[in-house]
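New to this one? Take a look at the model below, then read on for a short tour of how its pieces sit together.

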Amino acid sequence: MAMIVDASVAFKWFVPEPESDRALALFETTEALYAPDLILTEVANAMWARLRKLDGDHGPAVKAATNALPRMLTFLVPVAELLPRAVDLAFDLQHPIYDCIYLALAEREKAALITADRRLIATASGGGHSALVRVLA
């Protein structure tokens, strides 16, 4: 079964935190993992935000993660292919476009979006798109 993953899940592959074990288990239970190429920027930014507060040079860790991430995904889809539908979803749901990029991919691939973002789940479910999202936990 194919699944879509967002940055809230992929981040857990590189930075240990609650539910990291569930995020890593997706490699054992999922045939194919899809994500928009936006995930590269989002994971790098999330790691930068978390690690910049710590002592030391963490740039190499962020670079290593963003180099590994494309190889961990079965399909990395260009945002340009998803943006028109994501804009529609963003206006319909009154939710940021960057999250709606993931929803557009889930809709297109007829696959569940696995996320740890409870706000996204609530918004998608409240907007009639509950079939598109599943919580990681």
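Strands E1 (residues 2–5) and E4 (residues 112–115) run side by side in the parallel sense, joined over 3 bridges. In that pairing, Ile4 sits opposite Leu113 of E4. Keep in mind that this is a predicted model.

Zoom out a bit, and E1 and E4 turn out to belong to an open sheet of 5 strands, in the order E3-E2-E1-E4-E5, with parallel pairing. At the edges are E3 (75–77) and E5 (133–135), each of which pairs on one side only. Neighbouring strands here are turned against each other by 30 degrees on average, if you ignore direction.

Now for the helices. H1 (residues 7–14) packs against H2 (residues 20–29) at about 95 degrees, and their axes are 8 Å apart. The two helices are therefore roughly perpendicular to each other. Here is who touches whom:

| Helix | Residues in the contact |
|---|---|
| H1 | Val9, Lys12, Trp13 |
| H2 | Ser20, Ala23, Leu24, Leu26, Phe27 |

Sorted by class, this contact of H1 with H2 has 6 nonpolar residues, 1 polar and 1 charged.

So how many residues of H1 are buried? The count is 6 of the 8, so H1 is largely enclosed by the rest of the structure. The buried ones are Ala7, Val9, Ala10, Phe11, Lys12 and Trp13. Val9, Lys12 and Trp13 turn up in the contact with H2, and these three residues are buried as well.

Methods: Residues numbered from 1 in each chain as written. Predicted model: local features only at pLDDT ≥ 70, side-chain atom pairs only at ≥ 80, totals over all residues. Heavy atoms only, no water. Axes fitted to C-alpha atoms, helices over the stretch in contact; angles between N-to-C directions. Helix = DSSP H or I, 4+ residues; strand = E, 2+ residues; numbered from the N terminus. Parallel < 35°, antiparallel > 145°, perpendicular 65-115°, else oblique. Contact = heavy atoms within 4.5 Å. Nonpolar A, V, L, I, M, F, W, Y, C, P; charged D, E, K, R; others polar. Buried < 20%, exposed > 50% of the residue type's maximum accessible area, 1.4 Å probe, protein only. Pairing = 2+ DSSP bridges.
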